[in-house]
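Reader: Hello! I am new to this structure and would like a close look at one part of it. Please walk me through its salt bridges and the surroundings in which they sit.

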Amino acid sequence: MIMVNNPFGQDPMDFKVETAASRVGGRIRKIRTEKGLSQTELGELVGLTADRIQKYENGARKPKTDLLKKIAAALGVSTLALVDPTTTNYI
């Protein structure tokens with residue numbers, strides 16, 4: 001295994017797995033609020049309750065691929081906008 005000196009102290013793959021739910025949830029919340037939608041309104045668009053949307057936004061749950069596609073469509077963005085990790089070139 002090739003190891004790269006990571007100044008952030010964590011392997012990038014570990015970061016992606018550990019923070020995926022909260023990262024996706026944060027993006028859903030950010031885009032939803034920018035679009036002026038409430039959690040209830042977004043939930044109605046995708047067939048969920050506001051409580052369920054809140055759990056996704058807080059990172060308590062991670063939406064499956066089919067639901068991510070529905071949420072992205074309801075928000076008018078690509079699915080990639082919700083799941084693509086932001087990367088930094090630290091080499």
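Author: Happy to help: what follows starts with the whole chain, moves to the salt bridges, and then turns to the helices and the core around them.

A few ground rules come first. This is a predicted model, in which local features need pLDDT of at least 70 and side-chain atom pairs count only at pLDDT 80 or more, while totals for chains, interfaces and linings use all residues. Residues are numbered from 1 along each chain as its sequence is written, and side-chain values use heavy atoms, with hydrogens and water left out.

Now for the whole chain. The protein has five helices and zero strands, where helices (H or I, at least four residues) and strands (E, at least two) are DSSP runs numbered from the N terminus. Along the sequence this reads as α-α-α-α-α. Of the 91 residues, 27% are buried; buried means under 20% relative accessible area, exposed means over 50%, and partly exposed lies in between, with a 1.4 Å probe and protein chains only. The protein exposes about 6300 Å², and carbon and sulfur atoms supply 54% of that, with areas taken from the Shrake-Rupley method and a 1.4 Å probe. Among contacts (heavy atoms within 4.5 Å) with a separation of 6 or more, 62% join residues 24 or more positions apart.

Here is the part you asked about. Side chains of opposite charge can pair when their charged atoms come close. A salt bridge here is a side-chain nitrogen of Lys or Arg within 4 Å of a carboxyl oxygen of Asp or Glu, and by that rule the count is four.

One of them joins R29 to E57, with the closest N and O atoms 3.4 Å apart. This pair links distant parts of the chain, since R29 belongs to helix α1 (residues 12-34) and E57 to helix α3 (residues 50-58), 28 residues apart. The two partners sit in contrasting surroundings: R29 is partly exposed at 31% relative accessible area, whereas E57 is buried at 2%.

E57 has another partner, R32, and in this salt bridge the closest N and O atoms are 2.5 Å apart. Again distant parts of the chain are linked, with E57 in α3 and R32 in α1, 25 residues apart. Both E57 and R32 are buried. Through shared partners, R29, R32 and E57 are joined into one network.

A salt bridge of another kind of reach lies within α1: K30 meets E34, with N and O at 2.5 Å. K30 and E34 are four residues apart in α1, so about one helical turn separates them. K30 is partly exposed at 49%, and E34 counts as exposed at 57%.

Let us stay with R32 for a moment. At 8% relative accessibility, R32 counts as buried. Leaving aside neighbours within four places in sequence, R32 is in contact with L37, S38, Q39, L42, E57 and L75.

Two of those neighbours, L42 and L75, lead us to the core. The largest nonpolar core has 13 residues, and I28, L42, I71, L75 and L82 have the most contacts inside it; such a core is a set of buried Ala, Val, Leu, Ile, Met, Phe, Trp, Tyr and Cys residues joined through side-chain atoms within 4.5 Å. Helices α1, α2 (39-46), α3 and α4 (65-75) each supply at least two residues of this core, and α4 gives the most, with five. Beyond residues up to four places away, L75 touches I28, I31, R32, K35, L37, L42 and L82.

In α4, the buried residues are L67, L68, I71, A72 and L75. Down the helix axis they fall within an arc of 135° (from the directions of the axis to the C-beta atoms), so they line one face of α4. On the other side of α4, D66 and A73 are exposed.

Helix α2 can be read likewise. Its buried residues are Q39, L42, G43 and V46. Their arc around the axis is only 100°, which puts them on the same side of α2. E44 and L45, on the other side of α2, are exposed. Just after α2 comes G47, with a positive phi of about 80°.
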